[in-house]
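Work through the exercises below with the structure open beside you. Try each task before you read its solution.

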Amino acid sequence: MEGGKSKTHTWAKFDTEFTSDAVEFCPISGFTHVAAVGTYQLIKTENESKNSQPGESSEEDEVKSKPARRIGRLYMMQVDFENKKLDDSIKSVDGAAILDLKWNHDRNDDNPILGSANADGTIVFYRLDRDEKDDISVETIHSCDKNKENVLCLSIDWSNRCNSNIPCIAVSQSDGTILILKARDGDLWQIDREWKAHDLEAWISSFNYHETNILYTGADDCKFKSWDLRMDGSFPSTVNKSHNAGVCSIQSNPFSGYVLATGSYDETVRIWDTRSLRSPTKEFSVGGGVWRLKWHPEMSNILLSASMHAGFHVLDVQNDKDIELVVDYTQHESLAYGADWCYDKKVLGSGKRPLIGTSSFYDHSFHLWEFNW
């Protein structure tokens, strides 16, 4: 069923084989037709397989479960805009299970860099390039980790979404630790600092894209915290307990330095004024845990939500009115996890239909879809 005032149209569906949980469209010119899709597969023992039923646990449960082998695959999907489908040329790289993906937004780099937060505790970096036939190629260029046994990397974010400064990278981990990475010798990223930010799984860490010394974190302890990276990390700047379940998504609005969105397993999207984080300015229930939130690439009031059991939602969070549902997409048959907007100018701008990529867990499915306003 489709809600809101708009209608959706599915361009393509792709079976990712492994459970799919992360989608990131490349923001760099010349590569905006490329979507990175991350997958995650828990390899159970024979006894575990006999005692479990498909679909009875979520990614949250699997992160908390006893140590098991987790594998993954990174796909590089290419969009054929003319024919409204996926290009037949799909690249893939096998490796550790992927929990989150983010592109470096440095538009001065001709070869986009993608960071991956992985279940084996590694942070892996990939570079996109073109070969002599102008085909896309993907190369693994670097990997780093803390060598902590049974600790998963859960999220990753780059600080340079809205500026051209040399970026930092934030990574949240399943033991509540936050890592800050900085570049050493070009593309060689190293862990610069770490601290214990939460008592339970730190599902998300995200920069304030306008003031990159400020970092936000959310965790299974239901706490939403802000940190000033100029300090030693011993104490958060703010601690908010408004969420009624684990905080699993945070994103700073790239167009407004004072607007922030958070999502929680309590099924509520919250909008905040960063100048006062005591309480949200707006709330909206989407009917499912809010695993990921993504602001529209050009419109400051439009927000995309991956809402787990309730599918995907596009929301209008305009300042002078309550949050409104623009459209929902419920064509997936399992938990909604990965979601992102395509940055290509063919689908952005006045009068054009936005293109969205989404992925779902147990049906291991990636969809491309558009909606009209």
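A residue is buried under 20% relative accessible area, exposed over 50%, and partly exposed in between. Keep these cut-offs at hand. Note also that this is a predicted model.

**Exercise 1. Sort the partners of two salt bridges by accessibility.**

Task: Decide whether K321, with 28% relative accessibility, is buried, exposed or partly exposed. Then treat its partner and a second pair likewise.

Solution.
- Step 1. K321 has 28% relative accessibility, so it counts as partly exposed.
- Step 2. The side chain of K321 meets that of E324 in a salt bridge, at 3.7 Å from N to O.
- Step 3. E324 stands at 33%, so E324 is partly exposed too.
- Step 4. Turn to D344 and K346, another salt bridge, whose closest N and O atoms are 3.6 Å apart.
- Step 5. D344 has a relative accessible area of 7%, so it is buried. K346 reaches 55%, so K346 is exposed.
- Step 6. Salt bridges can also share partners: K146, K148, D175 and E194 are joined into one network in this way.

**Exercise 2. Find what a salt bridge ties together.**

Task: Which parts of the chain does the pair of K294 and E24 tie together?

Solution.
- Step 1. Start with the total: the structure holds 23 salt bridges.
- Step 2. One of them joins the side chains of K294 and E24, with 2.6 Å from N to O.
- Step 3. Locate each residue. K294 is in strand β23 (residues 292-295), and E24 is in strand β2.
- Step 4. These parts are 270 residues apart in sequence, so the pair links distant stretches of the chain.
- Step 5. Check the accessibility: K294 and E24 are both buried.

**Exercise 3. Describe the largest nonpolar core.**

Task: How many residues does the largest nonpolar core have, and which have the most contacts inside it?

Solution.
- Step 1. The core has 17 residues.
- Step 2. W11, L355, F366 and L368 have the most contacts inside it.
- Step 3. Two or more residues come from each of β1 (8-15), β2 (19-25), β3 (34-43), β4 (69-80) and β29 (365-371).
- Step 4. β4 gives the largest share, with three residues.

**Exercise 4. Follow the pairing from β8 to β10.**

Task: How many bridges join β9 to β10, and in which sense do the strands run?

Solution.
- Step 1. Begin with β8 (residues 113-118) and β9 (residues 122-130). They pair in the antiparallel sense over five bridges.
- Step 2. Pick one bridge: G115 has F125 in β9 as its partner.
- Step 3. Look at the turn. The hairpin of β8 and β9 has three residues between the strands, and G121 takes a positive phi near 90° there.
- Step 4. Now β9 and β10: nine bridges join them, and they run antiparallel. In β10, S137 is the bridge partner of D129.
- Step 5. This hairpin has five residues between its strands, and D134 in the turn has a positive phi of about 70°.
- Step 6. Move past β10 (136-145). L152 lies in the loop between β10 and β11 (153-158). L152 has a relative accessible area of 3%, so it is buried.

**Exercise 5. Order an open sheet.**

Task: Which strands are the edges of the open sheet that pairs β19 with β20?

Solution.
- Step 1. Four strands form the sheet, in the order β19-β20-β21-β22, with antiparallel pairing.
- Step 2. β19 (247-252) and β22 (282-285) each pair on one side only, and these are the edges.
- Step 3. Five bridges join β19 to β20 (residues 259-264). V247 stands opposite S264 in β20.

Technical notes. Residues are numbered from 1 along each chain as its sequence is written. This is a predicted model: local features need pLDDT of at least 70, side-chain atom pairs count only at pLDDT 80 or more; totals for chains, interfaces and linings use all residues. Side-chain values use heavy atoms; hydrogens and water are left out. Buried means under 20% relative accessible area, exposed over 50%, partly exposed in between (1.4 Å probe, protein chains only). A nonpolar core is a set of buried Ala, Val, Leu, Ile, Met, Phe, Trp, Tyr and Cys residues joined through side-chain atoms within 4.5 Å. A salt bridge is a side-chain nitrogen of Lys or Arg within 4 Å of a carboxyl oxygen of Asp or Glu. Two strands pair if DSSP finds at least two bridges between them.
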